[in-house]
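I opened my notebook beside the model and went through it step by step. These are my entries.

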Amino acid sequence: MIVRKMEEKDLDQVCQLEADTFSRPWRRKDFEDAIREKYYCFYVAAEDNIVLATAGLICSHDEADITNVAVLPAYRRRGIARSLLRQMLAEAKTNGIKAFTLEVRAGNLAAIQMYESLGFVREGLRKEFYDLPCEDAVIMWKR
Ligand SMILES: CC(C)(COP(=O)(O)OP(=O)(O)OC[C@H]1O[C@@H](n2cnc3c(N)ncnc32)[C@H](O)[C@@H]1OP(=O)(O)O)[C@@H](O)C(=O)NCCC(=O)NCCS
């Protein structure tokens with residue numbers, strides 16, 4: 001498995017994974033913009049050109065928001081998200097990013113434990129932040 005920047009050739013698989021994973025999926029145009037925009041930094045974990053996982057960063061000065069973290073269901077619990085995020089965060093640090101934040105559904109214990117295992121800590125709660133279904137968001141930071 002390799003971790004590399006997302007490319008145009010990945011977009012069919014990326015959009016399918018996104019649509020299968022999230023209730024408000026990003027559209028193809030959003031990912032096309034993300035590949036082009038200077039302040040976005042999107043990655044895939046891939047094996048033999050099969051996209052196993054995605055993750056992205058939206059950067060602002062020396063901080064970045066983590067977004068669109070998803071792993072194919074059949075490949076979960078094999079350490080793929082953790083290694084994808086480790087590499088993404090390490091490259092961002094070398095580019096001057098000093099702090100990372102994200103929001104996650106309060107009931108998404110798998111994701112919360114994964115972020116905690118990477119050193120993220122809970123710093124806040126946004127009431128009823130999500131819809132489809134309505135749920136609070138936990139705000140996490142790694143500084
Ligand atoms: C959350 C998600 C990205 C985790 O991806 P993954 O590749 O399975 O995670 P990893 O195998 O790297 O797991 C790393 C750690 O996270 C925690 N974890 C992951 N899945 C877990 C689960 N189902 N239950 C409990 N802990 C879990 C564990 O601490 C795990 O370490 P361990 O296996 O050594 O115990 C994946 O389940 C997914 O795509 N979920 C749907 C989309 C989503 O929730 N995205 C995050 C939105 S903020």
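I started with one bridge: Ala64 has Phe100 in β5 as its bridge partner. I then looked up the strands around this pair, β4 and β5 (99–105), and found them parallel over 3 bridges. Strands here are DSSP runs of E with at least two residues, helices are runs of H or I with at least four, and both are numbered from the N terminus. Two strands pair if DSSP finds at least two bridges between them.

I noted the ground rules early. This is a predicted model, where local features need pLDDT of at least 70, side-chain atom pairs count only at pLDDT 80 or more, and totals for chains, interfaces and linings use all residues. Residues are numbered from 1 along each chain as its sequence is written.

**The sheet**

I traced the whole sheet next. It is open, with 7 strands in the order β1-β2-β3-β4-β5-β7-β6 and mixed pairing. Which strands stand at the edges? I found β1 (2–5) and β6 (121–130) there; each has a single partner strand, so one side of each lacks a neighbour in the sheet. From one strand to the next, the twist averages 25°. (For angles, axes are lines fitted to C-alpha atoms, for helices over the stretch in contact; angles run from 0 to 180 degrees between N-to-C directions.)

Helix α1 (11–21) packs on the sheet and touches β2 (40–47), β3 (50–60) and β4. Its direction makes about 85° with that of β3. I checked α4 too: α4 touches β5 and β7 (135–142), and its direction makes about 165° with that of β5. Contact means that the C-beta atoms of two residues, placed from the backbone, lie within 7 Å.

**The core**

I looked for the largest nonpolar core and found 33 residues. Such a core is a set of buried Ala, Val, Leu, Ile, Met, Phe, Trp, Tyr and Cys residues joined through C-beta atoms within 7 Å. Buried means 20 or more other C-beta atoms within 10 Å of a residue's own, exposed means 12 or fewer, and partly exposed lies in between. Among the residues with the most contacts inside the core are Tyr43, Ile66 and Leu84. β2 gives the largest share, 6 residues. Leaving aside neighbours within four places in sequence, Leu84 is in contact with Val3, Tyr43, Ala45, Ala53 and Ala55.

**β6 and its hairpin**

How many of the 10 residues of β6 are buried? I counted 0. β6 and β7 pair in the antiparallel sense over 6 bridges. Arg126 stands opposite Ala137 in β7. The hairpin has 4 residues between these strands, and Leu132 takes a positive phi near 50°. A cis peptide bond, with omega about -5°, joins Leu132 and Pro133.

**Other unusual backbone angles**

I reminded myself that most residues other than glycine have a negative phi, and most peptide bonds are trans. Asn68 has a positive phi of about 55° and is found in β4. Asn68 counts as buried, with 22 C-beta neighbours inside 10 Å. Arg77 has a phi near 65° and is found in the loop between β4 and α3. Arg77 is exposed, with 9 other C-beta atoms within 10 Å.

**The ligand**

Last, I listed the shell of 19 residues around the ligand; Arg76, Ala81, Arg82, Ala110 and Met114 come nearest. (Near means that the C-beta atom, placed from the backbone, lies within 6 Å.) α4 supplies the largest share, 6 residues.
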